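The following report takes up sheets, enclosed spaces and annotated regions, and it is meant to be read beside the sequence and the model.

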Amino acid sequence: MSANRWVTIRLVVTSVSPGYKKLRINGSFNSKRREVHVPAEIDAPGLGDLIEVRGVVRKGEYGFILDASDWKLCCVDEHDIFQFLRKQRTNQIQGLGSQKLNKLEMHFNRDPHRFLDALVCSDSTELEGIIGKSLADRLIKFWQSYKTEKELILALMQLGLSFKSAHSALTVFGESSVKRIEDDPFELVPIVGFDASDEIAKSLKLPMNDRRRISALSNEILLNYQEQTASSLMHRDKFVEQAEFYQVDGELALSIGIETKAIIFDSGYITNPAFYEMETSIRQFLTKINASRSIRFHDYEIAQNLNMFKTMNRIALTQEQELSIHSTLNNNVSCITGGAGVGKTEVISAINWIYKSLTGFNVIGAALSGIAVDRIIEATGGSEAYTLAKLRYGVSNGDIQVRPHTLLIIDESSMLGVQELYYISKLGLDNLKLVFVGDPNQLSAVGYGKFFEQAISYFPTAKLTKVFRAESEEITNAANAVLAGCKPAPNKHVEIIKPTVDDIANYALINEAMVLCPTNATASKINRRIQRLRVKSSFSIFTVLGHQIYSNDRLLFTKNNPKVGILNGHFGIFLKHDTEGIHLKMERIGSITLSYDDFVNSGAQLGYAVTGHKSQGAGFDIVVVVCENSSVCTKRWLYTAFTRARKKIAFAELGDFQLALNKPDMPRMTQRLVPLVE
C-alpha cells in the first residue's frame, strides 16, 4: 500500500477495538496485517468475518491504516476460502492446524471450487482421505453452519437491517428469520424500533392500514408518550390524534389495538399491557404488606431504646426525628421525607439499632446508587445494604436472604421508578416492614411514574425540616429560593461565575469543586477541559476505550462491580498502570488494583464533572452548578444540584436560569400504585 490513495481491500477480522471517535478493525489477508478505522457509531463486524472495505490509506505509527466510512460483509468464495480458514482454525475448528490446512490447500490448489463443493456435499470421502474422518466432519459442520448464518444475515441486511440488527434478529428468530420478517416486519419492533420496522414494511409493500402495522403502531404511540411525559396513561383523544399523525384513522387504531390486546382501554384512558401488569403488581404487593400482621411496640419500649441509642452514640435527636422513628417502627409501610441535610441518615441509624434491639430481626438498607448504599452502611455501623440491582439479583439467585419480619429501608425513594419497584414486588418477599426515605422535591425517577409522591400521600409519613448538613444558612436559603422559583442572590457562600466552559473548568480546578451538569455531553466537555488544564504533559500514561487517563485523574465509576467492591457512584483517583494492573485510590474502599477488564466493567470515566442524577445521594464541599438549555435542567434538577453542597455553591448560566425554573414538571400519570382507598 502507499499513502493518500483510495483502495479496496479484504480482510478476515481478528480483533475489534472501540474508541472514542473511531472503531479500529484489525485483520489479515494473504499473510498481510491490515488495520481499518471506521466511525465509532458503525456496527462492529464479528471476529472471523470476511469483510471488504474501501477507503483512503494513510501512514500510521506502526504501519498503513485504511480510513473508511463503512465496511461490507462478504461471502467466502473459492478465492478466499483458505485465507478465511487460517483465521478460524484455532477457536472454531479444533485440530485444523497449519499442517493439515496446507495439505488441503495443496490438494485443491488447482480447483478450490471443488473444495467448497466437498464442504457442502453429503459425501466427505475425499476430505476424510486428507485430514481424517473426525476432523472432516467438524470442518463440514462448521462451514455449513457459518455459511447458513452469513447467508441469512446478508438476506436480512438486504431487507434493510443493519449488521448488528440482523445478528439480533437471527438470535431471536433463528433460521426462520427472513420468512417471519417478510410475513410480519413489525415482529422486529423490539429489535430495531417501530420506525425502522415501518420502513421495511413499506419496502415489502405492506398497506398503511394493515392490521399488523396498526397493532404495532398502537403500542408505539404509548411508548413514545411514556418517554415524553413519564406517564403510562394516555387520554383517548390524544391517542387518536397521534394515530392520525401516522396517517391512520384514530378510531380504527383504537379498535384494532384493543382487539389485538396491544393496548388496554378503561375510563377514557389507554395504557400498555406491560405498564398495566407492572403497576398492578406493585399495588398488590404493597396492599399485601400493608395488611399483613406484624410486630408492634408500646411507645415506652421505643422511648427506652431510643434513649439508650442516644446515650451510646452521644447524639441528640429532634422531636421530628424521634416521631419519625416511632412511626416507622409501628407501621408496616411508612415514609420519611425531608430535604438534604435534615438528618435522615441519623434516623435510619436509630431505626436500625432499635428494631434489632427490640426484635432481633434483620434490617436491610437499599438504594439506587452506590453512594447512598455506602452512606447507609456507614450510618448503621456496617449493617446489610445493597443497591437495588444487587438486592434484586441476590434474592433471585439465593445469595441474599430476606427473612420474615425483616425491615427494608429504601433510601433516595424519590428516584424510584415503576420498573425498579416492580422488580422488588416480584421477588416473593413477604411479611416485611417497608420504609421509603427521600425528598419529594429532588430528582424524580429516571423511568416513569411518581411513586414516592403517591406513597407519602397514602402511607404514614414523617417530615423532617431542620437542616444539619449545610454549614451555612446561605446554602439552605439558596436551595429554598430555587424551590420557590427564584434565582438565588449571590453572597460569600453562593457566587455566580462566567458562563463559559473555560471559566467553569478553571474555577473547579482551583477550588477543587465538583461540577454538576444536566447532560452527559456538557459533563464530558468540562471533564476534558479540566483534564487539559491540570495535565502539563501532552502524553497520557493510559488509554481505555479511546479515552486518555493521566496520573491523579479523578474518576467516577458508573457500574456495579461487586467482585472488586466497586458500586455505581464511587469515586477514585487513578495512580498508575503497570504489569500488575491498574492502581487506584478509591474514596470509599481505599487502594485497590484492577485488571483492565474489571476497570472497563466498572464503567470508569472522568469524574471532575458529573450529571445531577449521578450525584444523587452524595455531598461535596464545593459545587459548581451548570444551568443549560436542556429538557433535563428544571427547577427540580437545580434544587437537587444546590443541595449537594456543604460549604459553597457557584453557578454558571450556560442557559437561561429563569427559563429552567419555569419549566413544568412531567405529568408522570400512572394507575394507582398504592393500595386502593377503602
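The text below treats the two parallel sheets, the strand pairs, one proline-containing loop, the cavities and the UniProt annotations in turn.

## The six-stranded sheet

The model is a predicted one, and its description can begin with an open sheet of six strands, which follow the order β12-β11-β13-β14-β10-β15 and pair in parallel. The edge positions are taken by β12 (385-387) and β15 (461-464), each of which has a single partner strand, so one side of each is left without a neighbour in the sheet. From one strand to the next, the twist averages 20 degrees.

Within this sheet, strand β13 (residues 407-410) and strand β14 (residues 433-438) run parallel and are paired over four bridges, and L407 is the residue that stands opposite K433 in β14. Helix α20 packs on the sheet, where it touches β10 (333-338), β14 and β15, and the direction of α20 makes about 110 degrees with that of β10.

## The loop that holds P440

The loop between β14 and α20 contains P440. Although P440 and K450 are ten residues apart in sequence, their C-alpha atoms are 9.2 Å apart in space. When neighbours within four places in sequence are left aside, P440 is in contact with T337, F452, E453, I456 and R636.

## The five-stranded sheet

An open sheet of five strands has the order β16-β27-β26-β17-β25, with parallel pairing. Here β16 (494-496) and β25 (609-611) stand at the edges with a single partner strand each, so one side of each lacks a neighbour in the sheet. On average, and with direction ignored, neighbouring strands of this sheet are turned by 25 degrees against each other.

Strand β17 (residues 514-517) runs parallel to β25 and is joined to it by three bridges, with A609 in β25 serving as the bridge partner of V515. Helix α22 (residues 501-511) packs on the sheet and touches β16, β17, β26 (620-627) and β27 (645-653), while the direction of α22 makes about 175 degrees with that of β26.

## Antiparallel pairs of β1

Strand β1 (residues 6-18) pairs in the antiparallel sense with strand β4 (residues 50-59) over seven bridges, and I9 stands opposite V53 in β4. β1 also pairs in the antiparallel sense with strand β2 (residues 22-29), in this case over six bridges, and the bridge partner of V16 in β2 is I25.

## Cavities

Rolling a probe the size of a water molecule over the atoms shows where empty space is left. How many cavities of 30 Å³ or more does the structure hold? There are two cavities that reach this volume, and their values are set out below.

| Cavity | Volume | Lining by class |
|---|---|---|
| Largest | about 80 Å³ | six nonpolar, five polar and three charged residues |
| Second largest | about 40 Å³ | five nonpolar, four polar and one charged residues |

The largest cavity is lined by 14 residues, and those that lie nearest its centre are S414, S444, K450, F452 and E453. Helix α20 (residues 451-458) gives the most to this lining, with three residues. Two of the residues named for the centre, F452 and E453, also appear among the contacts of P440.

The lining of the second largest cavity consists of I348, N352, V363, I364, G365, I376, T380, S383, E384 and I409. Two elements, α16 (344-359) and β11 (363-367), give two or more residues to this lining, and β11 gives the most, with three residues. β11 is also a member of the six-stranded sheet.

## Annotated regions

The UniProt record, an unreviewed entry, lists residues 147-227 as "domain: ATP-dependent RecD2 DNA helicase-like helix-hairpin-helix". Over residues 147-227 the chain is 75% helix and 0% strand, and the C-alpha atoms at the ends are 41 Å apart.

The same annotation source, UniProt, gives "domain: UvrD-like helicase C-terminal" for residues 607-648, again from an unreviewed entry. Over residues 607-648 the chain is 29% helix and 36% strand, with the end C-alpha atoms 19 Å apart.

Definitions and conventions:
Residues numbered from 1 in each chain as written. Predicted model: local features only at pLDDT ≥ 70, side-chain atom pairs only at ≥ 80, totals over all residues. Heavy atoms only, no water. 1 Å grid on protein atoms, 1.4 Å probe; cavity = no way out; pocket = protein on both sides within 12 Å on 5 of 7 lines; lining within 4 Å. Points joined across faces, edges and corners; volume = space filled by probe spheres on them. Nonpolar A, V, L, I, M, F, W, Y, C, P; charged D, E, K, R; others polar. UniProt positions renumbered as here; feature names shortened; annotations may be inferred. Pairing = 2+ DSSP bridges. Axes fitted to C-alpha atoms, helices over the stretch in contact; angles between N-to-C directions. Contact = heavy atoms within 4.5 Å.
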